[in-house]
Amino acid sequence: MARYRLHHSLGRRAVIRQLHRWAKRHFSDVMRCSHQKLSDALLVALLLSRLIFKHPFPSIWWNILREDRVDLPSYTQAYTRGQRLLERLEAVATPSQSCMEVIVDSMPLPVCRPKRGKRCAFPGARWGYGTQGDVYGYKLHAWVTASGAIVQYLIRPANLHDMTVSDELNRRWPDFGGPRIIGDKGYCCLGYVFPPKRNTRYDTGWRPGRHPRLRKRIETVFSSLVEAPIHSVQTKTLRSLRLRVVLAILAHNIAQP
């Protein structure tokens, strides 16, 4: 993926060309019917371009793209096609690879403001607690490498404990070469590297001279996802939330230095 890392000084057309070149490796670049206006690869490249430039409004960004490409479909049509590619996008975002060590953590994905939680009908959303207080919605649980790449993630209701979801992430542990997992005190369990508590009676593997810097890496990654923006509360369905998250993760992995 290093060949496709984007330089921030590139213009919009140059970025889309590089994204299209990357997308052709994973998606079809052939028109399947006569009335199809763009291929799957080009559609993915255009959807990712907004996140590269961190534009907050998808529909407005799509209208900007239509100024240069008058033959593009409407944003509603493009978004519907993007949802059909969701499973393929998720598979491309989390391929199996060998890792020596990964950092695990979670971040909240609210689906509404806290004061509207009692009236919210978002399917599967639950009350949970984050570092900034109560949140109604979901949480993103992720593995991040020391270089800042997101190699695996899960979206689960906010009321689930981090260790519960971490056990689900560990099901693919052999696919990543059995990496060492570094967490915070919320991952206080055998098999994890975490800061020892006052009553811990064994060596947790935590080294103050090294691991705090690694833990800061995942906080930086989550901050970049917030800028995507991944915290928008305008999502109405879980499938829409999954599409928003996977596009943000793909854009982050492609554009990381």
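The following is a conversation about a predicted model, turn by turn.

Colleague: Which pLDDT values are needed in this predicted model for local features and for side-chain atom pairs?

Modeller: Residues are numbered from 1 along each chain as its sequence is written, and side-chain values use heavy atoms, with hydrogens and water left out. Totals for chains, interfaces and linings use all residues of this predicted model, whereas local features need pLDDT of at least 70 and side-chain atom pairs count only at pLDDT 80 or more.

Colleague: How much space lies in the largest pocket?

Modeller: A pocket here is an open set of points on a 1 Å grid over the protein atoms alone, where a 1.4 Å probe fits and where protein lies on both sides within 12 Å along at least five of seven lines. Its volume is the space filled by probe spheres set on the points, which are joined across faces, edges and corners. For the largest pocket, that space is about 680 Å³.

Colleague: Which residues lie closest to the centre of the largest pocket?

Modeller: A lining residue has an atom within 4 Å of a point, and the largest pocket has 25 of them. Those closest to its centre are M107, P108, G130, T131 and Q132.

Colleague: Which element gives the largest share of the lining of the largest pocket?

Modeller: Elements are DSSP runs numbered from the N terminus, helices being H or I of at least four residues and strands being E of at least two. Two or more lining residues come from each of β1 (101-110), β2 (126-130), β3 (133-144) and α7 (211-226). The largest share, 5 residues, comes from β1.

Colleague: How many residues of each class are in the lining of the largest pocket?

Modeller: Ala, Val, Leu, Ile, Met, Phe, Trp, Tyr, Cys and Pro count as nonpolar, Asp, Glu, Lys and Arg as charged, and the others, Gly among them, as polar. On that basis the lining has 10 nonpolar, 9 polar and 6 charged residues.

Colleague: Why is the pair of F122 and Y138 given its class among the aromatic pairs, and what is that class?

Modeller: Rings of Phe, Tyr and Trp (its six-membered ring) pair if their centres lie within 6.5 Å, with planes under 30 degrees apart counted as stacked, over 60 as edge-to-face and the rest as tilted. A search of the whole structure finds 7 such pairs. The ring centres of F122 and Y138 are 5.8 Å apart and their planes stand at 70°, so this pair is edge-to-face.

Colleague: How many residues apart in sequence are the parts that F122 and Y138 tie together?

Modeller: F122 is buried at 7% relative accessibility, and Y138 is buried too, with a relative accessible area of 3%, where buried means under 20%, exposed over 50% and partly exposed in between (1.4 Å probe, protein chains only). Because F122 lies in the loop between β1 and β2 and Y138 in strand β3, the pair ties together parts whose separation in sequence is 16 residues.

Colleague: Which residues is Y79 in contact with, leaving aside its neighbours within four places in sequence?

Modeller: Y79 has its place in helix α4 (residues 75-84), is partly exposed at 25% relative accessibility, and forms one aromatic cluster with W62 and Y75. The C-alpha atoms of Y79 and L243 are separated by 9.4 Å, although these residues are 164 residues apart along the chain. With contact meaning heavy atoms within 4.5 Å, and neighbours within four places left aside, Y79 is in contact with S240 and L243.

Colleague: Is H252 buried or exposed?

Modeller: H252 lies in helix α8 (residues 238-255). Leaving aside neighbours within four places in sequence, H252 is in contact with G148, I150, V221, S224 and L225. At 15% relative accessibility, H252 counts as buried.

Colleague: How far apart in space are T145 and M100, C-alpha to C-alpha?

Modeller: T145 lies in the loop between β3 and β4 (150-157) and is buried, with a relative accessible area of 11%. Not counting residues up to four places away in sequence, T145 touches C99, E101, I103, V151 and R217. T145 and M100 are 45 residues apart in sequence, and their C-alpha to C-alpha distance is 8.5 Å.

Colleague: What is the phi of K54 near?

Modeller: Most residues other than glycine have a negative phi. K54 is found in the loop between α2 (40-52) and α3 (58-68) and is partly exposed, with a relative accessible area of 39%. Its phi is a positive value in a residue other than glycine, near 55°.
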